[in-house]
Structures are given as structure tokens and as C-alpha cells.
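Hi,

Here is the structure I said I would pass on. Have a look at it first, and my notes on what turned up are underneath.

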Amino acid sequence: MASPKFSFCFLVLFVSSYGITCCLGDIWHPKEHAALFVFGDSLFDVGNNNYINTTADNQANYSPYGETFFNYPSGRFSDGRVIPDLIADYAKLPLSPPYLFPGYQRYLDGVNFASAGAGALVETHQGLVIDLKTQLSYFKKVSKILSQELGDAETTTLLAKAVYLINIGSNDYLVSLTENSSVFTAEKYVDMVVGNLTTVIKGIHKTGGRKFGVLNQSALGCIPLVKALLNGSKGSCVEEASALAKLHNGLKEGGMACCGSGPYRRYYSCGGKRAVKDYELCENPSDYVFFDSIHPTERFNQIISQLMWSGNQSIAGPYNLKTLFEE
């Protein structure tokens, strides 16, 4: 079976007081480096779900997750680092800690609010995840703590200089696809998701954010789990799911997950803590796009992070992340 092809697009925005803009004049220039604030789902979660009451489906704090970099399961849905870890490294920042890490309140370098399973819609996995609206409320709390520590003027400068990295939406669409919901048309449903995301971006902007990096959605129909759920034993991508979004790869194995069970290891059983207990584990995750049947390997994250950091406008536009951090 041929590996599925992917396309990748990354959107970076400068937002001024009057909306989206392409000029740099409204951006603050404090002497210190820019902080990194992260919002999103399992692609960005660095362990927040370790500290909430949820299911094993929404947690990765058990082996073999984390095996190739941290040598222990930190809660990241990968064999190693996830995209925000790698972007922080490029920006010469420490790894952004999970916001819910007990007792942690040092936010000068930023913090990570992402939650595996989260969606832009509050209803997506409601009660089991930290939805995007709640993540925004956490950010507002951080802003108040910073104001108490630094004063209003320095906090305004820090928040304006910071970069806000966001990935959300895939869980909203996966829930819609797997539950065969027909309450809304596809267009109406996407409008709801994008509308909620827009509201949160406006909320960050009102609090002081000015520089945003937003990932476009992946080719959902080529995720091993989706192929298993919607195409059964067939190995092909689910075209109606892929129509929602696209993602690019260049690795050796894009059709099979490194960790899982069933044909192409496409069942979500990695670690044996979920509904299906049996699983297989590949010898070399760096050859694979997917570590489990949903989430990418560290190697894939490295490729995407490099494109996000220094890619040209056809990949990361109108600005790449390197530009956001330096300007």
C-alpha cells in the first residue's frame, strides 16, 4: 500500500489594535526575549491532562510515550518532544511547562495551556478536557499574576512581545465525523469552530497579545484511527475527512503507526491502557509520521517545527515564527 501524501500550511498573523495586519509598527520591543504562550489539543499538550480527571484516551503519562527523548512518559502524545518544545528551543526559551503543574507560577517565559482532546467547541469531550474557552480564562489569570509581579506597564510589554501558538479544531471535526452528526451542515459546523477560535484570539488580543501562530488542520482522513473507524479494513484515506484539512510529510512510513494494533497499527491502543490492551511497537519511531494512531513522532514534529520556524511564505505566512520572535 502506498503511503498517503500530505500537504502542510501554517498561518502566522500579526494582529494590531485594529485587526489582522501586515505591518510591524504596532509590535512592542522590550529588551528581553519574547515569551511563548501555547493553546490547543494533544499535538501541543505537554502534560496538562496529567492533572485533570479524564480517561486514558486523553492521557499519555504511561509507557511507551516519551521513550526516545525524555526516557519517561511526561504526558506528551509522542515518543519525544512535541511542537511547542521544539519551537521553544529555537527561540532559546526553556520548555513551556503545563499550566496545571502543581505550584508553578513563573510565567515570564510563557506557559502551556493545551489539553489533549480539547476542541474549540465547549461540547467537544466536555467534562474530560480543558476546552479552548477555559484555556483563555487561564491565560487571563496568568496576565493578572504577571501584573501583580511586574506592574501593568511591563506586563503590557511582555504580552505584546510574546508569541501565541495555537492548534485546535481536529477534535471538533473528529467528533462530528465519528458520531455521524447531521444536525449541522459541514459549512455550518466549520463556521462554529472557526467562530469560537476567532472569539478566543480576540480575547487574547484584548488581554494584550499581538503575535499569533495558528496551525491549519491536518489531513484528518489519513490519520490511522480515522481510517480504521470510517473505512474499516480498507487502507485508503477517508476523502470526506481529508477535505476538512491537509498536512505535509516527507518520511518513510506515513500509512502505518509506530505504536498500536490491528492493520497498519491503526487502533488507538498504544500503551495498553485504553479499551484495546494489545499493541505493537516499532523499532525506529524516527522513520514514522505517526507514533500512535493519531499523534505524530518527534521526528515529524521536528520537520514541521523547522518549517514553522524558518519556512518561506508559501509554508508559514505572511511571517514565520523566527520573524515573530525577533521583531
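The accessible surface of the chain adds up to about 14,200 Å², and 52% of that belongs to carbon and sulfur atoms. Keep in mind as you read that this is a predicted model. The chain has 327 residues, of which 57% count as buried. As for secondary structure, you'll find 9 helices and 9 strands. Looking at contacts between residues at least 6 apart in sequence, 72% of them join residues at least 24 apart.

A good place to start is strand β5, residues 163-167. How many of its residues are buried? The count is 5 of 5, so to speak a mostly covered strand by definition of buried as under 20% relative accessible area. Both faces are covered: Val163, Leu165 and Asn167 are buried on one side, and Tyr164 and Ile166 are buried on the other.

β5 has strand partners too. It pairs with β3 (residues 36-40) in the parallel sense, over 5 bridges, and Phe39 stands opposite Ile166 there. β5 also runs parallel to β6 (residues 211-215), with 4 bridges joining the two. In that pairing, Ile166 stands opposite Val214.

Next, the aromatics. The count comes to 20 aromatic pairs. One of them is Tyr65 with Phe291, an edge-to-face pair at 5.6 Å centre to centre with 65° between the planes. Tyr65 sits in the loop between β3 and α1 and Phe291 in the loop between β8 and α8, so this pair ties together parts that are 226 residues apart in sequence. Tyr65 is buried, with a relative accessible area of 1%, and Phe291 is buried as well, at 0%.

Another pair brings us back to β5. Phe139 and Tyr164 also meet edge-to-face, 5.5 Å centre to centre and with 85° between their planes. Phe139 lies in helix α2 (residues 132-150) and Tyr164 in strand β5, so here the parts tied together are 25 residues apart in sequence. Both rings belong to buried residues. Phe139 and Tyr164 are also members of one aromatic cluster, along with Phe37, Phe39, Tyr99, Tyr104, Tyr107, Phe113, Tyr138 and Phe212.

On to the cysteines. Searching the whole structure gives 2 disulfides. Cys258 is joined to Cys282, with an S to S distance of 2.0 Å. Its torsion about the S-S bond is -85°, and the link is left-handed. This disulfide connects distant parts of the chain: Cys258 is in the loop between α7 (239-242) and β7, while Cys282 is in the loop between β8 and α8 (298-310), 24 residues apart. Cys258 and Cys282 are both buried.

The other disulfide is formed by Cys259 and Cys270, whose sulfur atoms are 2.1 Å apart. Which hand does this one have? The torsion about its S-S bond is about 95°, so the disulfide is right-handed. Cys259 lies in strand β7 and Cys270 in the loop between β7 and β8, 11 residues apart. Cys259 counts as buried at 0% relative accessibility, and Cys270 counts as buried at 0% too.

Last come the charged residues. Side chains of opposite charge can pair when their charged atoms come close. The count here is 6 salt bridges, and three examples follow.

Arg274 forms a salt bridge with Asp57, and the closest N and O atoms are 4.0 Å apart. Arg274 is in the loop between β7 (259-260) and β8 (280-281) and Asp57 in the loop between β3 and α1 (83-90), so the pair ties together parts 217 residues apart in sequence. Arg274 is buried, with a relative accessible area of 3%, whereas Asp57 is partly exposed at 40%.

Asp85 and Arg76 also meet in a salt bridge, at 2.7 Å from N to O. Are these two buried or exposed? Asp85 is buried, and so is Arg76.

Finally, Glu326 and Lys322 form a salt bridge with their closest N and O atoms 2.9 Å apart. Both lie in helix α9 (residues 321-326), 4 residues apart, which is about one turn of the helix. Glu326 counts as exposed at 52% relative accessibility, and Lys322 counts as partly exposed at 33%.

Cheers

How values were computed
Residues are numbered from 1 along each chain as its sequence is written. This is a predicted model: local features need pLDDT of at least 70, side-chain atom pairs count only at pLDDT 80 or more; totals for chains, interfaces and linings use all residues. Side-chain values use heavy atoms; hydrogens and water are left out. Buried means under 20% relative accessible area, exposed over 50%, partly exposed in between (1.4 Å probe, protein chains only). Two strands pair if DSSP finds at least two bridges between them. A salt bridge is a side-chain nitrogen of Lys or Arg within 4 Å of a carboxyl oxygen of Asp or Glu. Contact means heavy atoms within 4.5 Å. Accessible areas come from the Shrake-Rupley method with a 1.4 Å probe; for residues, only the protein chains shown count as cover. A disulfide is a pair of cysteine sulfur atoms within 2.5 Å. Rings of Phe, Tyr and Trp (its six-membered ring) pair if their centres lie within 6.5 Å; planes under 30 degrees apart count as stacked, over 60 as edge-to-face and the rest as tilted.
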